[in-house]
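Got the viewer open? Let's take a walk through this one, selection by selection.

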Amino acid sequence: MTKYALITDFDGTITTQDIGNALCIHYGLTSPEKIEKAYNSKADAREWMKNHFGSVKTTKEDFERIILEKALVRPGFRDLCLYAKEHDIPFEIASGGLDIYIKPVLDIFDCNQIKIGSVKGVIKPEGIEVTFPDYNGLRMEEFKESRVRHYQKEDYKVIFFGDGPGDFEAARAADIVFATSRLETLLKKHGIKYVHFEDYTLALDLVRGKDVSLFTA
């Protein structure tokens, strides 16, 4: 039986919208138009996170309340998470988002065994302190790709899930890619095979060993 490892982005992938962007809009730090401009300009994701979240004045309770109001999780995620746990399938998040808004969502769905590689946030009176220890000096895109390569070196077939330009390098390196939104457009442009992604149910069938058809572009 094929030995799989699962790596997924968080914002816009596990969740149906980008929670980091939604939080920044909620706190009045940016607008949808400015966010779109930042994507198109390929702005440094690390500086963007520091500049925006650094000025957020909130409490842990209020921050988590807003997260859980805005985080709609895609169907099949919890089932895939629990199946991976029961069958010792590596499953991790490689994200450009903050751990302090990822963890509350995982806790609600009993998926807190998933390894999180992300930006670190600490809520302080003057704002949210943002650091990047998980990246080991790499750019976000390089970090995500490095996690794919890590499992491939251990002879796993890596399934990667993503939605944005920051997922492109990891998607290109992965064995099977589930893609949506901007990532899907990029992969199509470069002629890279992928599976259109709406939820995690097809991936769950795949790791269960079912005979599924993967429609790729």
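## The whole chain first

Show the surface to begin with: the protein chain has about 10700 Å² of accessible surface, and carbon and sulfur atoms account for 48% of that. Keep in mind that this is a predicted model.

Switch to a C-alpha trace and rotate to the principal axes, where the span is about 50 × 35 × 30 Å. The radius of gyration is 17 Å, which agrees with the value near 17 Å that a compact globule of 217 residues would have. If you colour by burial, 50% of the 217 residues come out as buried.

Next, colour by charge. There are 30 positive and 35 negative side chains in the protein chain, and the centres of those two sets sit 3 Å apart. For a contact map, take the pairs at least 6 apart in sequence: 60% of those contacts join residues at least 24 apart.

## Cartoon view: the sheet

Turn on the cartoon and you get 10 helices and 7 strands. In what order do the strands of the open sheet line up? Reading across, the order is β4-β3-β2-β1-β5-β6-β7, and the pairing is mixed. Select β4 (127–131) and β7 (195–196) to see the edges: each has a single partner strand, so one side of each is left without a neighbour in the sheet.

As a reminder for the next stops, strands of a sheet pair through backbone hydrogen bonds, either parallel or antiparallel.

## Select 4–8: strand β1

Is β1 mostly buried or exposed? All 5 of the 5 residues in β1 are buried, so the strand is largely enclosed by the rest of the structure. Show the side chains: Y4, L6 and T8 point one way, A5 and I7 point the other way, and every one of them is buried.

Now add the strands that pair with β1:

- Residues 91–98 are β2, running parallel to β1 and joined to β1 by 3 bridges. Look for I7 opposite E92 here.
- Residues 157–162 are β5, also parallel to β1, with 5 bridges between the two. L6 stands opposite I159, and I7 has F160 as its bridge partner in β5.

I7 is a handy residue to label, with E92 opposite in β2 and F160 as its partner in β5.

## Carry on to β5 and β6

Stay on β5 for a moment. Of its 6 residues, 5 are buried, leaving the strand mostly covered. Then select 176–179 for β6, which runs parallel to β5 and is joined to β5 by 4 bridges. To find the register, label G162 and the residue opposite, A179 in β6.

## Back the other way: β3 and β4

Select 115–124, which is strand β3, and pick out S118 within it. S118 has 0% relative accessibility and so counts as buried. What does S118 touch, leaving aside neighbours within four places in sequence? Its contacts are S95, G97, L98, D99, I102, D134 and Y135.

Bring β4 back in and check the direction of the pair: β3 and β4 run antiparallel, with 5 bridges between them. One bridge to label is K120 with its partner T131 in β4.

## A helix stop: F168

Jump to helix α8 (residues 168–173), where you'll find F168. Its relative accessibility is 10%, so F168 counts as buried. Not counting residues up to four places away in sequence, F168 touches L183, L186, L187, H190 and I192. Try a distance label to K144 as well: F168 and K144 are 24 residues apart along the chain, and their C-alpha atoms are separated by 9.0 Å.

## Last stop: two aspartates with positive phi

Open a Ramachandran plot if your viewer has one. Which phi does D88 have? Its phi is positive, about 55°, although D88 is not a glycine. Find D88 in the loop between α5 (77–86) and β2. With a relative accessibility of 69%, D88 counts as exposed, the cut-off for that label being over 50%.

Then hop to D155, another non-glycine residue with a positive phi, here about 70°. D155 sits in the loop between α7 (140–153) and β5. At 63% relative accessibility, D155 counts as exposed.

Conventions
Residues are numbered from 1 along each chain as its sequence is written. This is a predicted model: local features need pLDDT of at least 70, side-chain atom pairs count only at pLDDT 80 or more; totals for chains, interfaces and linings use all residues. Side-chain values use heavy atoms; hydrogens and water are left out. Buried means under 20% relative accessible area, exposed over 50%, partly exposed in between (1.4 Å probe, protein chains only). Two strands pair if DSSP finds at least two bridges between them. Contact means heavy atoms within 4.5 Å. The radius of gyration is taken over C-alpha atoms; the globule rule is 2.2 Å times the number of residues to the power 0.38. Accessible areas come from the Shrake-Rupley method with a 1.4 Å probe; for residues, only the protein chains shown count as cover. Lys and Arg count as positive and Asp and Glu as negative; His and the chain ends are not counted. The place of a charge is taken as NZ of Lys, CZ of Arg, CG of Asp or CD of Glu.
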